[in-house]
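User: I would like to learn how to read a structure like this one, feature by feature, with the general idea before the particular case. Could we begin with the strands and how they are matched to one another?

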Amino acid sequence: MSTEAMNPESGNKRGVLITFEGIEGCGKTTQMTRLEALLTTKGLAALTTLEPGEGPIGRRIREDLLTHHPEPLDPLAELMLYLADRAQHVARILTPALRAGKIVLCDRYTDSTVAYQGYGRGIDLKKIQDLNAFVTRGLTPDITFLLDCPPEVGLKRIRGDLDRMESQDMAFHRRVRAGYLALAKKFPDRIVLCDATRPVENVFRKVTAALRDRGLLEGN
Ligand SMILES: Nc1ncnc2c1ncn2[C@@H]1O[C@H](COP(=O)(O)OP(=O)(O)OP(=O)(O)O)[C@@H](O)[C@H]1O
Ligand SMILES: [Mg+2]
């Protein structure tokens, strides 16, 4: 593989990568939709995207990951499917969009793998960190919003049938949440911790204020 293909960061990244993280039902889609609308009214080029599941390959991987199967999905197989989706997503969608100068709003990214497969499943954290760096070719978010709430609150907000990850037991969801909070402590400059039990409008004010503070959003 060429150096360029292995390391898209070597081609100048001009856009901004904003990621949204948190447990099921915390409000990621809600906040991203609002932010995308605000950016659009300001005439800024935004792209909303998600993991897992963008593009034809990502959609197939998402199906494998989130539907219920007759046999359990091995935790390492699960990890590798998330990473395969990420490698494809970085190469085909995130890097081209960032090179084109877009503001990319990404629903879940590397922190999800640390929280779910690391803290949730108990897979070695250092290994996950190395694999994340490998498949992203070093592409890290400029800013991450962690929408934090107890699993009971998030799961209660979900309408309809629960998917394979949503139907994990409560102890799993609690470990995931604790993992996210540990990440927020470890990366205080990148991760903005938001209390997702607050009304949508309050959370959104925190999001826009953090973007303004960092010079990523101008005006009101
Ligand atoms: N701060 C909030 N307070 C109360 N309800 C909220 C809040 N944020 C979102 N909701 C509601 O909770 C539900 C789940 O929100 P949303 O789909 O944005 O969460 P999500 O994090 O994207 O979930 P998933 O992980 O399933 O994709 C929606 O019905 C949404 O309207
Ligand atoms: Mg969502």
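Analyst: Two strands pair if DSSP finds at least two bridges between them, and the elements themselves are DSSP runs numbered from the N terminus, helices being H or I over at least four residues and strands E over at least two. With that in hand, Ile-18 stands opposite Leu-105 in S3, and the pairing of strand S1 (residues 16-21) with strand S3 (residues 103-107) is parallel and runs over five bridges. This is a predicted model, in which local features need pLDDT of at least 70 and side-chain atom pairs count only at pLDDT 80 or more, while totals for chains, interfaces and linings use all residues. Residues are numbered from 1 along each chain as its sequence is written, chains are lettered from A and ligands numbered from 1 in the order in which they are written, and side-chain values use heavy atoms, with hydrogens and water left out.

User: In what order do the five strands of the open sheet lie?

Analyst: The order is S2-S3-S1-S4-S5, and the pairing is parallel. Strand S2 (46-50) and strand S5 (191-195) are the edges, each pairing on one side only. On average, neighbouring strands of this sheet are turned by 20° against each other, direction ignored; axes here are lines fitted to C-alpha atoms, for helices over the stretch in contact, and angles run from 0 to 180 degrees between N-to-C directions.

User: Which strands does S4 pair with, and how many of its residues are buried?

Analyst: S4 pairs in the parallel sense with S1 over four bridges and with S5 over five bridges. In the first pairing Phe-20 stands opposite Phe-145, and in the second Leu-146 stands opposite Leu-193. Buried means under 20% relative accessible area, exposed over 50% and partly exposed in between, with a 1.4 Å probe and protein chains only. By that rule six of the six residues of strand S4 (residues 143-148) are buried. In a regular strand the side chains alternate between the two faces of the sheet. In S4, Ile-143, Phe-145 and Leu-147 are buried on one side, and Thr-144, Leu-146 and Asp-148 are buried on the other.

User: Is Arg-108 buried or exposed, and which side chains does it contact?

Analyst: Arg-108 lies in the loop between S3 and helix H5 (110-120), and it counts as buried because its relative accessibility is 12%. A polar contact is a pair of N or O atoms within 3.5 Å; within protein, one must be able to donate a hydrogen and the other to accept it, and residues adjacent in sequence count only if both atoms are side-chain atoms. The side chain of Arg-108 makes such a contact with that of Ser-112 at 3.0 Å and with that of Tyr-180 at 3.1 Å.

User: How many residues surround ligand 1?

Analyst: A residue is near a molecule or strand if one of its heavy atoms lies within 4 Å of it. For ligand 1 there are 13 surrounding residues, the closest being Gly-27, Lys-28, Thr-29, Thr-30 and Arg-198. Helix H2 (residues 28-41) gives the most to this shell, with three residues. A polar side-chain atom of Lys-28 lies 2.8 Å from an oxygen atom of ligand 1, whereas a polar backbone atom of Arg-198 lies 2.7 Å from a nitrogen atom of ligand 1.
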